[in-house]
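Q: Could you pick one part of this model and take me through it slowly, side chain by side chain? After that, I'd like to see how it sits among its surroundings.

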Amino acid sequence: MMDLGFRLFRFWLILLAMTGCSPNLQEPITRFELQAPKPYGYVIGDEIHHRIVVETRQQLDVIQGSIPAIGERNRWLNLKATKLTTQATDDGKRYLLELTYQVFYSPLEVKMLKTPAFTLYFQQNGNKIEQAVPEWYFTLSPLHELAIRKEEGKIYLRPDAQPELIDTSSYKNGISITLAIFAASGFYLAYCFGLFPWVKQRKHFKNACKKISGLTRQQLNQALTAIHQAINDTYSKPLFKHGLADFYSQHPEFKQLADQIDWFYTFSDRYFFTGRTYCTEGEFSQLKSLCLDCRKIERGGV
């Protein structure tokens, strides 16, 4: 008797396992989800985007004809676009159906509306399987007040909100500093090039450089005379080699060229007092370099 009861209990457990667990394992659609945005805050002309996620077992294909066709769904709702994407999963497929609706309803007050329900169909080995997509409710708001105010017979319109001004003080300061630097640089360059006639400038070496630039080494006499004249004008009297120490004390800025100036006086004495009336290209270039360096000091560039 007890053996019979045990067999019946085991049979009941097997039957329970077959009826309770087996159907779940064979369920063709394992996941369905309607992903939608916020259900409020829409006005006429807005678009509503829905995303439907369906996961199925292997060999279960969606029937393309069950996907809603683009066009009017009713007098105020239009299906603007559809997009179906298929992805493979470990045990089947994942269908992503994206729907874009556009609303053309102009309510006088906040109104609740809904997108229509429809059914997606799938097929497997000649069998058709259904998946219902439910309605989706949302609220639509009017574009203007229910009671339109009027002033002097004209429709009242609210003024546009004034845009918030951007703080440009830092940019203005930067531009001001930049312009000041450019102006100071321009005045300094103009001063260096002698463009201010009312500002007294020394141009002794400027004139000497201008004259030497057009000479050749065969015109050595004129080149030496031009440099001597510039030094004498700077010193305010004729300067000889033994007076260079006093020249440097009155014009210390020229002391950095002491070696070149000493060479110049030695070279000049040799030309004027020893009868050596020629010079090499290197010596003539050295004369020009000395004159240019003195000009830089004269205008404060060194």
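A: Let's start at Arg31, which is partly exposed, with a relative accessible area of 31%. Keep in mind that this is a predicted model, so every distance and area here is computed from predicted coordinates.

Arg31 forms a salt bridge with Glu33, and their closest N and O atoms are 2.5 Å apart. Glu33 has a relative accessible area of 30%, so this residue counts as partly exposed too. Arg31 also meets the side chain of Glu55 in a salt bridge, at 3.1 Å from N to O. That second contact links distant parts of the chain: Arg31 belongs to strand β1 (residues 29–35) and Glu55 to strand β2, 24 residues apart. Is Glu55 buried or exposed? It's buried, because its relative accessible area is 16% and the cut-off for buried is under 20%. So Arg31 has a salt bridge to the partly exposed Glu33 and another to the buried Glu55. Zoom out a little and you find Arg94 as well: Arg31, Glu33, Glu55 and Arg94 are linked in a network of salt bridges. The whole structure holds 10 salt bridges.

Now for the sheet behind this network. Which strands make it up, and in what order? There are 5 strands in an open sheet, running β1-β2-β6-β5-β4 with antiparallel pairing. Its edges are β1 and β4 (71–72), each of which pairs on one side only. So Arg31 sits in β1, an edge strand, and in the strand order β2 comes right after β1. Over at the other edge, 2 bridges join β4 to the antiparallel strand β5 (residues 77–88), and Gly71 stands opposite Leu79 in β5.

One more salt bridge is worth following from here. Lys93 pairs with Asp61, with the closest N and O atoms 2.4 Å apart. Lys93 lies in β6 and Asp61 in β3, so the contact ties together parts that are 32 residues apart in sequence. Lys93 is partly exposed, at 22% relative accessibility, and Asp61 is partly exposed at 32%.

Asp61 takes us to another sheet. There, 3 strands form an open sheet in the order β3-β8-β9, again with antiparallel pairing. Its edge strands are β3 (61–62) and β9 (127–133), each pairing on one side only. The β8 strand (residues 118–124) runs antiparallel to β9, with 7 bridges joining them. Gln124 stands opposite Asn127 in β9, and Asn125 lies in the loop between β8 and β9. Have a look at the backbone of Asn125: its phi is near 55°, which is positive in a residue other than glycine. Asn125 is exposed, with a relative accessible area of 67%.

What about empty space inside? There is 1 cavity of 30 Å³ or more, and the largest cavity holds about 50 Å³ of space. Its lining is made up of Ile52, Val54, Val62, Ile67, Leu84, Tyr95, Leu97, Leu120 and Phe122. The elements that give two or more residues to this lining are β2 (47–57), β6 and β8. You've met these strands already: β2 and β6 belong to the sheet that starts at β1, while β8 belongs to the sheet with β3 and β9. So the strand that carries Glu55 is also one of those lining the cavity.

Finally, follow β6 (92–103) out of the sheet. In the loop between β6 and β7 (111–115) you come to Phe104, which is partly exposed at 45% relative accessible area. Together with Ile44 and Leu143, Phe104 makes a nonpolar surface patch of about 290 Å². So if you trace β6 on your screen, you can pass from Lys93, which lies in that strand, to Phe104 in the loop after it.

Conventions:
Residues numbered from 1 in each chain as written. Predicted model: local features only at pLDDT ≥ 70, side-chain atom pairs only at ≥ 80, totals over all residues. Heavy atoms only, no water. Pairing = 2+ DSSP bridges. Helix = DSSP H or I, 4+ residues; strand = E, 2+ residues; numbered from the N terminus. Patch = residues over 30% accessible without salt bridge, like charges linked within 9 Å, V, L, I, M, F, W, Y side chains within 5 Å. Areas by Shrake-Rupley, 256 points an atom, 1.4 Å probe, with all protein chains shown as cover. Salt bridge = Lys/Arg side-chain N within 4 Å of Asp/Glu carboxyl O. Buried < 20%, exposed > 50% of the residue type's maximum accessible area, 1.4 Å probe, protein only. 1 Å grid on protein atoms, 1.4 Å probe; cavity = no way out; pocket = protein on both sides within 12 Å on 5 of 7 lines; lining within 4 Å. Points joined across faces, edges and corners; volume = space filled by probe spheres on them.
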